[in-house]
4 protein chains.
Amino acid sequence: MKKKNDIIKTASRLFAEQGFEATTTLQITKEAGVTEPLIYYHFKGKDDLFTHILSSTFKEYFSRLETLNNNTPTEFEKIENLIGLHFQLVEELPHEIYLTINTCPTRLKDPENICAENIKKQKAWLTSFLTDCLDKGISIGEFNKVPVTETVSLIIAIINGLLRQRGLKLEHLSGLNKESVEFCKRSLVKNLTEL
Amino acid sequence: MKKKNDIIKTASRLFAEQGFEATTTLQITKEAGVTEPLIYYHFKGKDDLFTHILSSTFKEYFSRLETLNNNTPTEFEKIENLIGLHFQLVEELPHEIYLTINTCPTRLKDPENICAENIKKQKAWLTSFLTDCLDKGISIGEFNKVPVTETVSLIIAIINGLLRQRGLKLEHLSGLNKESVEFCKRSLVKNLTEL
Amino acid sequence: MKKKNDIIKTASRLFAEQGFEATTTLQITKEAGVTEPLIYYHFKGKDDLFTHILSSTFKEYFSRLETLNNNTPTEFEKIENLIGLHFQLVEELPHEIYLTINTCPTRLKDPENICAENIKKQKAWLTSFLTDCLDKGISIGEFNKVPVTETVSLIIAIINGLLRQRGLKLEHLSGLNKESVEFCKRSLVKNLTEL
Amino acid sequence: MKKKNDIIKTASRLFAEQGFEATTTLQITKEAGVTEPLIYYHFKGKDDLFTHILSSTFKEYFSRLETLNNNTPTEFEKIENLIGLHFQLVEELPHEIYLTINTCPTRLKDPENICAENIKKQKAWLTSFLTDCLDKGISIGEFNKVPVTETVSLIIAIINGLLRQRGLKLEHLSGLNKESVEFCKRSLVKNLTEL
DNA sequence: CATGAATGAGATTTCATTCAT
DNA sequence: GATGAATGAAATCTCATTCAT
């Protein structure tokens, strides 16, 4: 079972770095120190291996989303926690997260495939979470009166954009977490004392 | 020459939708209504076709960046124009832009390749532009005293995140342009009357 | 197109001699003097090549059955002609005919496959032809009062058994044609003067 | 030992239905409810398993041939008994018999292999038996003066053809046994009262 | 400019077989 | 007896590319 794990780890990294098609089964097994047929012993094929990695990743991702604390003193802290969770995740599972951001999109055409399914689910979850948050924050006067739908899309875009930068190794997010939160806070929260 | 253009258009779309590796020369020619050797008459090969498309796209992109008006009354208007330019671009050249966002990243390892080169150039350009802008805006008291480096990264992430959403067809950016600008404005510009 | 024909001829022979599974695409192409991918240029795959050969063979077979003369003085001559047609066919297309007898049966489980389909069609045709023949021959007193269904099955079995012997190279049917006809005639036709 | 038998039974069936090459060791073990290495505990390999099944079958076949009664009142009864024996055999061991008819032929090229060897032996036995029978029957005036060699081939073809029909599940031999015998009797035996 | 036919290199996958337990 | 894990060898198939016309 150790070897099975070696395959999964190596494949995650390579799929993330090079994409699904550009990664050959031979390369995976060579770097994992096993022989090619072992992939086919543990998985139905290259596709199934990819699917397996992706399911695990999204499962982990969604289970973490569920742990977000919904009893924060302010609505903004929920957003802060959501952003923090993503920064945390990409530190722990850089390849896996990058896989969902970068390799998935090229496999999105077939609406039944696992990428499409999970990316939709993610979007729905984040939209619902943020919409709640903004609605409540605006109604209790914590937030400025921003248009909810657009602002939700925007925050999701920010999260995605940041993870992507990081995946491209264009940024070492250190310090960006705090600043992203501040940026949003200034834009959303009413009556902040000026910096 | 019409057929050459058909090849380029079809290839742009397919490379963007499926990635470079997942797109076969046969598929390109079939969907373009030509035969395979014609690719080799007009280009050195599949790589060269890709390179051609990418260079044109980045050339167009950089030439547009150069048209940005640097004599705006306020510094924020420069940022507004920059964001607007990207929204404009993705409306006009959706496949080409999505290509740079989605297909390039998996080809980034080789530092000599055209993707790496241009993405670095893009990043340098945007960083320089936004750094100038923020530095000046802060010094003249138009902007809050935000940490420049991080905020620059953040704005770039927002732009990328938005284009990516659009490419994934998760969003119809209509309305998002204006709201993105407002979001940033609230966060950056001092003494706005509260909404 | 000459090379395509070389593939078909070589494949027919090898499929017949060794069976479908035991024949490799490499072997076919080597013996046909071409390279492997050429199979995939002209056919969808090994299966499609097999299917193509089989369709042509059965098409030829059924078109010959249709040429059988139905205006013979006696009913027995129809049977004689039917047997003769099969002997003739196996002389002209030994590999192809042997393919239908020997390689088809192992592919019979899937009821939609081309073997199943054609073998059923063949059986239906022969049954209908022979049933007519026997019915009429009995009613006009040319034939003994034999049980029609069973006798039809038996004549089909004789034809199949003979072709199979020949395919196995256990027999050189010379002389067998005439004798097969005599054997059946003695059994079926009334009032023959004893040999 | 029960599991060994499960392997043998399942393998017989699958080899007969699909052929030797098309049947994988994995399929055999799955359908037999065991694991692959067990085949290698009981047999030297897939070839050896096939050989084992085939030897048993032919051994049983030849031992039955030896039980044929040679002291019948008429020569024709010998032929009748021979045909009956084959009908009987295919009822009892349908897979095994079909194996010899259908799977063996594709393995006939190598003259040292077990199929070639046994099929030759079978042919020799039947030829010798029937030749004796016909020679004697003709000399004592029981049979018409038929050409012996050809008629022998023909009777063997009939037997093979019938077993094959049955194996292909094109026929339920019920009733055919009796009628096959009658068909041959009418053709061979002198002075039958007309039906 | 354009194509039908063909190919070299290599990818994915299968399968009989073995090893360690 | 029996098995889960693993493998060497080879099969089918794909794909970018080229040749001859």
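Copies of a chain are superposed by least squares on the C-alpha atoms of residues with pLDDT of at least 70 in both. On that footing, chain C is laid on chain D in this predicted model by a rotation of 179° with 0.0 Å of shift along its axis, and the RMSD of the fit is 0.2 Å. The two copies are thus related as by a two-fold rotation axis. The points below begin with a single chain, then turn to the contacts between chains, the surroundings of the DNA strands, and two examples of helix packing.

**A single chain**

- Chain A contains nine helices and zero strands, and its pattern, when read along the sequence, is α-α-α-α-α-α-α-α-α.
- The C-alpha trace of chain A extends over about 65 × 35 × 25 Å along its principal axes.

**Chain C with chain D**

- Two copies of a chain are related by a rotation about an axis and a shift along it.
- In the contact between these chains, 38 residues from chain C take part together with 38 residues from chain D.
- On the side of chain C that touches chain D, at least two residues each are supplied by α1 (2-18), α8 (148-167) and α9 (176-188) of chain C, and the largest share, eleven residues, comes from α8(C).
- Sorted by class, this side of chain C holds 13 nonpolar, 13 polar and twelve charged residues.
- Because 100% of the interface residues of chain C are also interface residues in chain D, the copies meet through the same surface.

**Chain A with chain B**

- A turn of 179° and a shift of 0.0 Å along the axis lay chain A on chain B with an RMSD of 0.2 Å.
- The contact brings 38 residues of chain A together with 38 residues of chain B.
- The elements giving two or more residues to the side of chain A that touches chain B are α1 (2-18), α8 (148-167) and α9 (176-188) of chain A, and α8(A) gives the most, with eleven residues.
- That side of chain A is made up of 13 nonpolar, 13 polar and twelve charged residues.
- Since 100% of the interface residues of chain A are also interface residues in chain B, these copies, too, meet through the same surface.

**Pairs of chains without contact**

- Chain B and chain C do not touch, and their nearest C-alpha atoms are 12 Å apart.
- Chain A and chain D are likewise not joined by any contact, with their closest C-alpha atoms 12 Å apart.

**Around the DNA strands**

- DNA strand F is surrounded by 35 residues, of which Lys3(A), Pro37(A), Gly45(B), Gly45(C) and Pro37(D) are the closest.
- Helix α3 (residues 36-42) of chain D provides the largest share of the surface near DNA strand F, namely four residues.
- The surface near DNA strand F has 16 nonpolar, eight polar and eleven charged residues.
- Around DNA strand E there are 35 residues, and those that come nearest are Gly45(A), Pro37(B), Lys3(C), Pro37(C) and Gly45(D).
- The surface near DNA strand E, divided by class, has 16 nonpolar, eight polar and eleven charged residues.

**Two examples of helix packing**

- Two packed helices are described by the angle between their axes and the distance between the axes.
- In chain B, the axes of helix α5 (residues 75-92) and helix α7 (residues 114-139) come within 9 Å and cross at roughly 155°; angles over 145 degrees count as roughly antiparallel, and α5(B) and α7(B) are therefore roughly antiparallel to each other.
- The crossing of α5(B) and α7(B) is left-handed.
- Where these helices meet, α5(B) contributes Glu75(B), Phe76(B), Lys78(B), Ile79(B) and Leu82(B), while α7(B) contributes Phe129(B), Cys133(B), Lys136(B) and Gly137(B); by class, the residues of this contact are five nonpolar, one polar and three charged.
- In chain D, the axes of helix α1 (residues 2-18) and helix α2 (residues 25-32) come within 9 Å and cross at roughly 125°, which makes α1(D) oblique to α2(D).
- The crossing in which α1(D) passes α2(D) is right-handed.
- This contact joins Asp6(D), Ile7(D), Thr10(D), Ala11(D) and Leu14(D) of α1(D) with Gln27(D), Ile28(D), Glu31(D) and Ala32(D) of α2(D), and its residues comprise five nonpolar, two polar and two charged ones.

Notes
Residues numbered from 1 in each chain as written. Chains lettered and ligands numbered in written order. Predicted model: local features only at pLDDT ≥ 70, side-chain atom pairs only at ≥ 80, totals over all residues. Contact = placed C-beta atoms within 7 Å. Nonpolar A, V, L, I, M, F, W, Y, C, P; charged D, E, K, R; others polar. Near = placed C-beta within 6 Å. Axes fitted to C-alpha atoms, helices over the stretch in contact; angles between N-to-C directions. Parallel < 35°, antiparallel > 145°, perpendicular 65-115°, else oblique. Left-handed = near helix turned anticlockwise from the far one by under 90°.
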